Amino acid sequence: MAGGSFNEKHKQYPGKMTIFVFLACLVASSGGLIFGYDIGISGGVTSMDPFLTRFFPSVYAKEQEVVETNQYCKFDSELLTLFTSSLYLAALVASLFAGYITKKCGRRVSMLGGGIIFLAGAVLNGFARNVAMLIIGRVFLGIGVGFSNQSVPLYLSEMAPANMRGMLNISFQLMITIGILAANLVNYFTAKISGGWGWRVSLGLAAVPAVIMVGGSIFLPDTPNSLVARGKEEKARAMLRRIRGTNDIGLEFDDLVAASEATKAIENPWSTLLERRYRPQLAMAFLIPTLQQLTGINVVMFYAPVLFKTIGFGGTASLVSAVITGGVNMIATFVSIATVDRLGRRKLLLQGGTQMVIAQFVLGTLIAIKFGTSGVADISRSYAIGVVVCICVFVSAFAWSWGPLGWLVPSEIFPLEIRSAAQSAVVVFNMIFTFVIAQIFLMLLCRLKFGLFYFFGAWEIVMTIFVYFFLPETKGIPIEEMDRIWGKHWYWKRFIDDNRKVELTSTAV
């Protein structure tokens with residue numbers, strides 16, 4: 001199979017899943033709550049009339065125009081888009097600094113700092129008096145997201161045993177989906193608050209996941225990989241015994257030390273990442289997060305209420321529909337948790353990609369039939385339900401494929417010497433394209449109309465072909481052995497130096 005898995009044996013480190021590891025990963029994955037809550041809350045408050053009249057009166061005026069107005073264009077506002085997308089630009093910049101802090105101070109400190117800064121942003125947004133306060137608060141939220149998205153996936157992959165790494169790492173994505181669902185529910189109820197201040201509650205409650213993350217990070221241990229890299233070998237050895245539930249950790253510990261020694265020879269991990277021998281990892285650090293955003297998922301999730309309102313749902317109905325899609329997103333993530341370590345990464349990505357392609361093209365066609373290019377239509381209840389079902393099919397496919405695996409695969413393929421820098425690159429590329437798409441979505445919807453869904457569908461075809469030919473299977477392979485998959489891949493092996501290839505006969509057990 002092109003780009004597929006290999007059948008040779010891999011090292012199997014002794015150890016088991018322990019309660020300690022499970023709880024540590026559960027607490028660490030709460031970093032996903034802050035990202036998910038923000039994704040869900042943004043579109044909800046921007047569909048609330050009191051919020052629009054206070055901060056974006058021109059958008060509210062356009063929204064109140066008669067139904068004959070082009071529905072595709074009524075939310076097209078540069079200032080409204082800046083409110084939504086400023087967070088992702090801040091996260092992009094923050095992740096560059098987060099890589100250094102994560103490497104020098106450990107994963108736990110990076111998560112703790114991110115949670116505190118996010119908390120400050122939530123307070124600013126909840127008490128916002130003007131657009132400037134809103135955007136400054138969003139910038140603080142973005143810094144927190146940048147730190148947590150850089151450190152949490154690394155923490156989960158390093159703490160988990162190889163045969164359960166997929167399941168535990170996907171808990172980060174599960175928390176993102178829980179955050180989105182919680183935000184959608186909050187928006188639904190706060191929109192009903194008389195007096196027009198419900199949006200303050202929605203924005204201010206972002207402090208809750210921030211407090212959970214800060215409180216949890218205070219008590220979290222650091223990973224053995226991070227401890228070894230910072231010269232704390234005895235603490236690392238003790239931690240490895242504790243998280244693996246066995247004293248027989250010699251083989252894994254020796255591999256950690258060897259990887260750490262290789263790291264010490266690296267003066268600048270960013271320039272090292274650009275070397276030819278790391279070309280496969282660099283390509284994945286760019287392509288996986290970029291393609292994840294080109295699915296169009298964040299458009300659907302953080303603009304869901306606006307999108308539903310645009311295609312003819314009432315204000316409350318649009319929030320209900322967003323709650324439904326948020327629930328589907330969360331439930332479908334459990335499919336990935338249950339199957340990723342049995343079926344592998346490639347099968348889920350290929351199936352999910354195919355399902356997303358079909359859903360996007362059907363959705364685009366449904367909207368084209370009713371709204372055409374004029375953007376004027378009156379849709380029936382049954383037709384609206386069909387649109388929601390189609391969106392749910394799309395969201396479920398993403399939730400068990402590109403959603404969780406877009407974070408899992410990059411976090412497990414980087415060798416220790418470039419791991420912090422490479423994970424920062426993943427977050428940077430993710431946030432660049434999240435920012436760009438958030439910035440231009442409403443404009444594209446206005447200009448491409450129903451063709452926007454075909455645009456994302458075309459990219460989903462590209463990413464499914466990419467997975468088939470260029471992404472090797474990483475299921476069950478210890479992180480310290482991950483170099484081997486590139487040396488055996490039909491395309492990537494040309495970039496791997498002979499002295500870096502691992503002989504299968506000498507490592508298989």
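What follows is a set of questions and answers on this predicted model.

The model is predicted: local features need pLDDT of at least 70, side-chain atom pairs count only at pLDDT 80 or more, and totals for chains, interfaces and linings use all residues. Residues are numbered from 1 along each chain as its sequence is written, and side-chain values use heavy atoms, with hydrogens and water left out.

Colleague: How many helices and strands does the chain have?
Modeller: Helices (H or I, at least four residues) and strands (E, at least two) are DSSP runs, numbered from the N terminus. On that basis the secondary structure comes to 25 helices and zero strands.

Colleague: What share of the 509 residues counts as buried?
Modeller: Buried means under 20% relative accessible area, exposed over 50%, and partly exposed in between, with a 1.4 Å probe and protein chains only. The accessible surface of the chain comes to about 18600 Å², with 66% of it belonging to carbon and sulfur atoms. Those areas come from the Shrake-Rupley method with a 1.4 Å probe; for residues, only the protein chains shown count as cover. Of the 509 residues, the buried share is 61%.

Colleague: Among contacts between residues at least 6 apart in sequence, what share joins residues at least 24 apart?
Modeller: Contact means heavy atoms within 4.5 Å. Among contacts between residues at least 6 apart, the share joining residues at least 24 apart is 83%.

Colleague: Which helix gives the largest share of the largest nonpolar core?
Modeller: A nonpolar core is a set of buried Ala, Val, Leu, Ile, Met, Phe, Trp, Tyr and Cys residues joined through side-chain atoms within 4.5 Å. The largest has 64 residues, and F35, V45, F51, F55, F56 and M431 have the most contacts inside it. Its largest share, nine residues, comes from helix 7 (residues 131–159).

Colleague: What is F51 in contact with, leaving aside neighbours within four places in sequence?
Modeller: F51 is one of the residues with the most contacts inside the largest core. Leaving aside neighbours within four places, its partners are V45, T46, F56, F83, L134, W199 and L203.

Colleague: How many residues are in the second, separate core?
Modeller: This core includes A359, I367, V426 and F453. Its count is 60 residues.

Colleague: Is helix 2 largely enclosed or open, and how many of its residues are buried?
Modeller: The expected span of a helix is 1.5 Å times one less than its number of residues. For the 15 residues of helix 2 (residues 31–45) that gives 21 Å, and the end C-alpha atoms are 22 Å apart, which agrees. Helix 2 is largely enclosed by the rest of the structure, because the buried count is 15 of the 15 residues.

Colleague: Which residues of helix 13 are buried?
Modeller: Helix 13 (residues 250–264) should span 21 Å, and its end C-alpha atoms are 21 Å apart. Its buried residues are E252, F253, D255, L256, V257, A259, S260 and T263.

Colleague: Which parts does the pair R107 and E158 tie together?
Modeller: A salt bridge is a side-chain nitrogen of Lys or Arg within 4 Å of a carboxyl oxygen of Asp or Glu. By this rule there are nine salt bridges. R107 and E158 form one at 2.7 Å, N to O, and both residues are buried. The pair ties together parts 51 residues apart in sequence, because R107 lies in helix 6 (residues 107–126) and E158 in helix 7.

Colleague: How many residues apart are E412 and R165?
Modeller: Their side chains meet in a salt bridge at 2.7 Å, N to O. E412 is buried at 0% relative accessible area, and R165 is buried at 1%. E412 is in helix 21 (residues 402–413) and R165 in helix 8 (residues 165–190), so the pair links distant parts of the chain, 247 residues apart.Colleague: Which residues do salt bridges with shared partners join into one network?
Modeller: E275 and R277 also meet in a salt bridge, at 2.7 Å, N to O. E275 is partly exposed at 32%, and R277 is partly exposed at 23%. The network joined by shared partners is R165, D341, R345 and E412.

Colleague: Which helix gives the most to the nonpolar surface patch?
Modeller: Patches are made of residues with over 30% relative accessible area and no salt bridge; like charges are joined within 9 Å, nonpolar side chains (Val, Leu, Ile, Met, Phe, Trp, Tyr) within 5 Å. F361, I461, I465, Y468, F469 and W490 make a nonpolar patch of about 530 Å². The most, four residues, comes from helix 23 (residues 451–470).
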